[in-house]
Amino acid sequence: MLDLAIIWDWLAFAVRWLHVITAIAWIGSSFYFVALDLGLKKVPHLPVGAHGEEWQVHGGGFYHIQKYLVAPENMPDHLVWFKWESYATWLSGASLLMIVYWVGGELYLVDPAKADLALWQGIAISAASLTVGWLVYDFLCKSGLGEKPTLLMLLLFVLLVAMGWGYNEVFTGRATMLHLGAFTATIMTANVFFIIIPNQKIVVADLKAGRTPDAKYGKIAKLRSTHNNYLTLPVVFLMLSNHYPLAFASEYNWVIAALVFLMGVTIRLFFNTKHTGAKPPYWTWAVTAALFIAIIVISMAPLSQETYEESEVRPLTKNEQVFASAAGFEDVMNIVPGRCSMCHAREPFYEGIHWAPKGIFLETEADVARAANQIFLQAGVTTAMPPANVSYMEDSERAAIAKWYRNAKEQMPFSLAAK
């Protein structure tokens, strides 16, 4: 029987796969061109307008690359634009955010212990924050701060930290880290879409019209590209963080994120300097290690018991009420807490587990009703949970979970069952 939950989960997997593939393409090309740009050599007899060149070997062949700060005298017939990697990464990431955090918002997005918001309000904040972030950042770049890149970077850091704190006042820890990553990635892609590519097109248009391109367009694009370079690694960390409760399941997750942004600077500073051929700043290794140790220490700050108690405040939705009253729920309550709550508890007692994986609790009837979809997918139709079946869940128990879930779905109106 092909259940809608199974189809939806495969859709989420497909979009996540696409997102990872496009992100690899974008980050790979971005890092390559930064290394290429910094490694260019000024040599005699360069063509008119050429800034430098580089010889590279890869895949059994040699490549001779020359860079023009503005543009060559004559426009080449074939010109490759590196932009679709960025656009596809953002579009697939936005789709994944909607699938996981908007459609699944009752479980993953809004934290009722932090803010008493309806799901639609959480979704509105999610969408609006991404737009507002770009507008604020773009305003700062276009102000006089554009001529003071160090100060601009500091203000960008303050903006990111403030957004991390703000997200954590409303969203779950998992959604906080993910949204901060999406906030940053939106700035990066918008830099490409609204600034870098349009400026390059202006230069191309001037060349075709026989005009001398203005160097200011390249300078502006270079500033935005530099920001993207230093923001890339923190974004990757934030996107991966939803798999690690030690990173997101803390009231100080926004502080952890702030330190990760600093780590992104120290790591890229080392490699960017190295690519120029200069002696790299090895002190950045020590600073990076110290920042990471600080993150580990912060992650061990325990959540207060008050937070755990408040997590019960949100009443069950209509959908969840159906799961709680469906035939077989009593059987499931005799299975799930016993097989799963040693890890999925407010105070886990399984050795090595200090926080409930992904912040999901499976101790009470409300917990189980809220996590019905995940229980069905992870333990009903697959054997993903418990890991390695450490609590010896039997096939008959998995069948009971699947039967309960489908009983509930049959009782739901189509509008609810589709969620």
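## A tour from one salt bridge to a cis peptide bond

Start by selecting Lys142, which counts as exposed at 59% relative accessibility. Keep in mind throughout that what is on the screen is a predicted model. From Lys142, add Asp138 to the selection: the two form a salt bridge in which the closest N and O atoms are 3.1 Å apart. Both residues belong to helix α4, which covers residues 119-142, and since they are four residues apart there, about one helical turn separates them. The two ends of this pair differ in their surroundings, for Asp138 is buried, with a relative accessible area of 11%, whereas Lys142 is exposed.

Move on next into the loop between α4 and α5, where Glu147 is found. Is Glu147 buried or exposed? Its relative accessible area is 59%, so Glu147 is exposed. If you then pick Ile298 and draw a distance between the C-alpha atoms of the two residues, you should find a separation of 36 Å, for a pair that is 151 residues apart along the chain.

**The crossing of α5 and α9**

Now select helix α5 (residues 149-168) together with helix α9 (residues 253-275), whose axes come within 8 Å of each other and cross at roughly 155 degrees. Because angles over 145 degrees count as roughly antiparallel, α5 is described as roughly antiparallel to α9. The crossing itself is right-handed. To see how the contact is made, show the side of α5 that contributes Phe157, Leu160, Val161, Gly164, Trp165 and Asn168, and then, from α9, the residues Asn253, Trp254, Ala258, Phe261 and Leu262. Coloured by type, the residues of this contact divide into eight nonpolar and three polar, with no charged residue among them.

**Salt bridges between distant parts of the chain**

Which residues should be selected to see a network of salt bridges? Asp37, Lys67 and Lys222 are linked in such a network, within a structure that holds ten salt bridges. Take the pair of Asp37 and Lys222 out of this group, where the closest N and O atoms of the salt bridge are 2.6 Å apart. Asp37 lies in helix α1 (residues 4-38) and Lys222 in helix α7 (residues 216-240), so this pair ties together parts that are 185 residues apart in sequence. Asp37 counts as buried at 19% relative accessibility, a value that falls under the 20% limit for that class, while Lys222, at 41%, counts as partly exposed.

A second long-range pair can be found by selecting Arg339 and Glu397, whose side chains meet in a salt bridge at 3.0 Å, N to O. Here helix α14 (residues 336-340) supplies Arg339 and helix α17 (residues 395-411) supplies Glu397, so that parts 58 residues apart in sequence are tied together. Both of these residues are buried.

**From α1 to β1**

Return to the segment that follows α1 and select His45, which lies in the loop between α1 and β1. Its backbone deserves a look, since His45 has a positive phi of about 65 degrees although it is not a glycine. At 82% relative accessibility, this histidine, His45, counts as exposed. Continuing along the chain, strand β1 (residues 50-58) holds Glu54, which is buried, with a relative accessible area of 16%. If residues up to four places away in sequence are left out, Glu54 touches Leu36, Gly39, Leu40 and Lys41, and also Tyr63, His64 and Ile65.

**The loop between α16 and α17**

The last stop is the loop between α16 (372-380) and α17, where Pro386 has its place. Which residue does a cis peptide bond join to Pro386? The partner is Met385, and omega for this bond is about -10 degrees. Select Asn389 as well, which lies in the loop between α16 and α17 and has a positive phi of about 50 degrees although it is not a glycine. With a relative accessibility of 25%, Asn389 counts as partly exposed.

Definitions and conventions
Residues numbered from 1 in each chain as written. Predicted model: local features only at pLDDT ≥ 70, side-chain atom pairs only at ≥ 80, totals over all residues. Heavy atoms only, no water. Salt bridge = Lys/Arg side-chain N within 4 Å of Asp/Glu carboxyl O. Helix = DSSP H or I, 4+ residues; strand = E, 2+ residues; numbered from the N terminus. Buried < 20%, exposed > 50% of the residue type's maximum accessible area, 1.4 Å probe, protein only. Axes fitted to C-alpha atoms, helices over the stretch in contact; angles between N-to-C directions. Parallel < 35°, antiparallel > 145°, perpendicular 65-115°, else oblique. Left-handed = near helix turned anticlockwise from the far one by under 90°. Contact = heavy atoms within 4.5 Å. Nonpolar A, V, L, I, M, F, W, Y, C, P; charged D, E, K, R; others polar.
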